[in-house]
Amino acid sequence: FPSGISPTVCQMRSAGVSLRLSVPVDSCLVMRKQCPNCGYPVQTCLCHAVQPVTNYTEVIILQHPKESRHAKNTVRLLNLALSNITVIRGKLAVDFTELEQYLRADPKPTAVFYPAEQSTEFSHGAEKASARIKRAIFIDASWKQAYGIWQNNAWLNRYPFFKLPLHQSGQYTIRNSDLEYSFSTLEAVAYTLASLEQLDPAPLLRLLNTLTAQWQRFLPQRD
């Protein structure tokens with residue numbers, strides 16, 4: 001991890017979202033108990049599904065504080081699997097002062113992966129042009145929150161922006177969105193690393209699918 005920047009692992013206070021579902025009281029009590037390794041409730045522990053992934057591209061996540069508390073946030077999964085990842089919580093430029101200083105002191109080729117208007121689609125041509133990228137920055141937040149982080153941090157515009165092609169579809173079905181480029185942060189990172197360093201996305205996507213399956217066990221059944 002960058003010197004002077006502490007990696008942040010999302011912490012779930014309890015299974016707050018699951019408490020609103022049709023789950024027996026005794027199950028809720030168990031759900032409050034967290035696995036000491038993965039941090040998820042013991043009934044949805046994901047340790048068995050974590051396959052360590054060695055990534056050479058430096059992954060930096062700018063995470064909105066509210067997103068860090070979301071029970072279905074996927075950055076927690078990335079923290080469990082990736083070898084080279086730093087997560088920094090914040091909204092305003094002052095929250096990322098140390099990061100900005102770090103990036104200036106270590107000016108390796110960097111890109112921001114966010115679907116802004118000026119973003120270049122990660123097509124085959126763009127992948128060749130981005131072959132030099134050694135550091136990838138992502139924003140982990142709702143669409144409105146992510147836009148706010150971008151607008152409040154003009155320093156991000158020093159770097160080229162990329163977005164995933166629309167023919168790639170998101171698999172994260174427990175958090176729905178009708179917007180284009182609707183990928184979970186895990187999917188965005190997995191597909192980006194696959195392009196940048198030909199890293200197999202399957203271990204990360206399987207971990208995401210396991211999380212989805214675990215959550216669906218507690219969703220009310222529909223006729």
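## Cysteines without disulfides

Let's start with the sulfur chemistry: the structure holds zero disulfides. Cys 45 is in no disulfide, and the nearest cysteine sulfur to its own, that of Cys 47, is 3.6 Å away. Cys 47 is likewise in no disulfide; here the nearest cysteine sulfur belongs to Cys 35, at 3.6 Å. A disulfide is a pair of cysteine sulfur atoms within 2.5 Å. Cys 47 counts as partly exposed, because its relative accessibility is 32%.

Please keep in mind throughout that this is a predicted model.

## The chain at a glance

The chain is built from eight helices and six strands. Reading along the sequence, you meet them in the pattern α-β-α-α-β-α-β-β-α-β-α-β-α-α. There are 223 residues in the chain, and 49% of them count as buried.

What share of the contacts between residues at least 6 apart in sequence join residues at least 24 apart? The share is 77%. As for the surface, the chain exposes about 11,400 Å², and carbon and sulfur atoms supply 50% of that area.

## A six-stranded open sheet

The strands come together in an open sheet of six, ordered E2-E1-E5-E3-E6-E4, with parallel pairing. Which strands form the edges? They are E2 and E4 (120-121), each of which pairs on one side only. As a general reminder, strands of a sheet pair through backbone hydrogen bonds, either parallel or antiparallel.

E5 is a good strand to follow, with E1 and E3 as its partners in the sheet order. E1 and E5 pair in the parallel sense over six bridges. Along this pairing, Ile 61 stands opposite Phe 138 in E5, and Leu 62 stands opposite Ile 139 in E5. E3 and E5 also pair in the parallel sense, over four bridges; Thr 110, for instance, has Arg 135 in E5 as its bridge partner.

## E5, covered on both faces

Is E5 enclosed or open to the outside? Six of its six residues are buried, so E5 is largely enclosed by the rest of the structure. In a regular strand the side chains alternate between the two faces of the sheet. In E5, one side carries Arg 135, Ile 137 and Ile 139, the other Ala 136, Phe 138 and Asp 140, and all of these are buried. Arg 135 and Asp 140 are thus on opposite sides of this strand, and both are buried.

## Two nonpolar cores

The largest nonpolar core has 37 residues, and those with the most contacts inside it are Leu 82 and Phe 113. Several elements each supply at least two residues of this core: strands E1 (58-63), E2 (85-89), E3 (110-113) and E5 (135-140), together with helices H3 (75-81), H7 (185-197) and H8 (202-216). Of these, H7 gives the most, with seven residues.

What does Leu 82 touch beyond its neighbours within four places in sequence? Its contacts are Val 53, Asn 55, Val 59, Val 189, Leu 193 and Leu 204. Two of these, Val 189 and Leu 193, are buried residues of H7. Apart from the largest core lies another, of 19 residues, including Leu 103, Ile 139, Ile 149 and Tyr 159.

## Helix H7 and the turn to H8

H7 has 13 residues and reaches 18 Å from its first C-alpha to its last, close to the 18 Å expected at 1.5 Å a residue. The helix is mostly covered, with twelve of its 13 residues buried. Among the buried ones are Thr 185, Glu 187, Tyr 191, Ser 195 and Glu 197, alongside nonpolar residues such as Leu 186 and Leu 196.

Just after H7 comes Gln 198, with a positive phi of about 50°. In general, most residues other than glycine have a negative phi. Gln 198 takes its positive value although it is not a glycine. Where does Gln 198 sit? Its place is in the loop between H7 and H8, and with a relative accessible area of 64% it is exposed.

Beyond this loop, Leu 205 is found in H8. Leu 205 is buried, with a relative accessible area of 11%. The C-alpha atoms of Leu 205 and Leu 186 are separated by 7.8 Å, while the two residues are 19 apart along the chain.

Technical notes: Residues numbered from 1 in each chain as written. Predicted model: local features only at pLDDT ≥ 70, side-chain atom pairs only at ≥ 80, totals over all residues. Heavy atoms only, no water. Core = buried A, V, L, I, M, F, W, Y, C linked by side-chain atoms within 4.5 Å. Buried < 20%, exposed > 50% of the residue type's maximum accessible area, 1.4 Å probe, protein only. Contact = heavy atoms within 4.5 Å. Expected span 1.5 Å × (residues − 1). Pairing = 2+ DSSP bridges. Areas by Shrake-Rupley, 256 points an atom, 1.4 Å probe, with all protein chains shown as cover.
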